[in-house]
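This briefing concerns helix geometry and helix packing in the model shown below. Its points are grouped by topic.

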Amino acid sequence: MQHDTHDTHDTHEGQHSHHADHSGHPDHVSHAGHTNHSSHAGHRPGTVGWAMAAQATLHCLTGCAIGEILGMVIGTAFGWGNMATMVLAIVLAFFFGYSLTLRSVVKAGVDLRTALRVAFAADTLSIAVMELIDNGVIALWPGAMDATLADTLFWGALALSLAVAFVVTTPVNKWMIGRGKGHAVVHQYHR
């Protein structure tokens, strides 16, 4: 018994030809016009680039640097001991780090309570890592803890410690954003 495969195949294609045209499906029609996703790059978990991670780290670094410098200047100007100065610098670094995020989220129209939760979720790990590295470098740098505001060592150690903190914290932010955490939470409110 011999089968005519062309006839069978043509009949089969004719029965299922309606499957080739998906234009009648509303989901496919609406999605056809939504093909450019480039403006959303980096907002979805797992699609984060180094540029976005560096931008998030720079945001944290700005707040940390303001607090860190202000704390060191206040503690050094008042002649406080190293530990009191470092504690003040860390507290102010967290304060200014959270404040910058809080300001941008509130500006996006989010209520204060939600904005506080977003700031804490977005920045806590990043600021903690940054402060650990930053203060660790200063504590380990010979003479940096005893330098005064007039010393080049004070400003040089502070600048280098912030630079090292930026380099170490950027991969942490990349990892967090890639999992929908950290500054990925903040980006939800900037669409």
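Helix α5 carries a kink of about 45 degrees, centred on D123. The model is a predicted one. In it, α5 consists of 29 residues and packs against helix α3, with D123 among the contacting residues.

**Helix α5**
- From its first C-alpha to its last, α5 reaches 39 Å, close to the 42 Å expected at 1.5 Å a residue.
- The residue at the centre of the kink is D123, and D123 also belongs to the α5 side of the contact with α3.

**Packing of α3 with α5**
- The axes of α3 (residues 50-77) and α5 (residues 112-140) come within 10 Å of each other and cross at roughly 50 degrees.
- Because angles that are neither roughly parallel, roughly antiparallel nor roughly perpendicular count as oblique, α3 is oblique to α5.
- The crossing in which α3 passes α5 is right-handed.
- On the α3 side, the contact is made by T57, C60, L61, C64, E68 and M72.
- On the α5 side, D123, S126, I127, M130, E131, D134, N135 and I138 make the contact.
- By class, the residues of this contact of α3 with α5 comprise seven nonpolar, three polar and four charged.

**Packing of α3 with α4**
- Helix α4 spans residues 82-107 and packs with α3 at an angle of about 145 degrees.
- The axes of α3 and α4 lie 7 Å apart.
- The crossing of α3 and α4 is right-handed.
- The contact of α3 with α4 includes 11 nonpolar residues, 10 polar residues and one charged residue.

Note on methods:
Residues are numbered from 1 along each chain as its sequence is written. This is a predicted model: local features need pLDDT of at least 70, side-chain atom pairs count only at pLDDT 80 or more; totals for chains, interfaces and linings use all residues. Side-chain values use heavy atoms; hydrogens and water are left out. Axes are lines fitted to C-alpha atoms, for helices over the stretch in contact, and angles run from 0 to 180 degrees between N-to-C directions. Helices (H or I, at least four residues) and strands (E, at least two) are DSSP runs, numbered from the N terminus. Angles under 35 degrees count as roughly parallel, over 145 as roughly antiparallel, 65 to 115 as roughly perpendicular and the rest as oblique. A crossing is left-handed if the near helix is turned anticlockwise from the far one by less than a right angle, and right-handed if clockwise. Contact means heavy atoms within 4.5 Å. Ala, Val, Leu, Ile, Met, Phe, Trp, Tyr, Cys and Pro count as nonpolar, Asp, Glu, Lys and Arg as charged, and the others, Gly among them, as polar. The expected span of a helix is 1.5 Å times one less than its number of residues. The bend at a residue is the angle between axes fitted to the seven residues ending there and the seven starting there.
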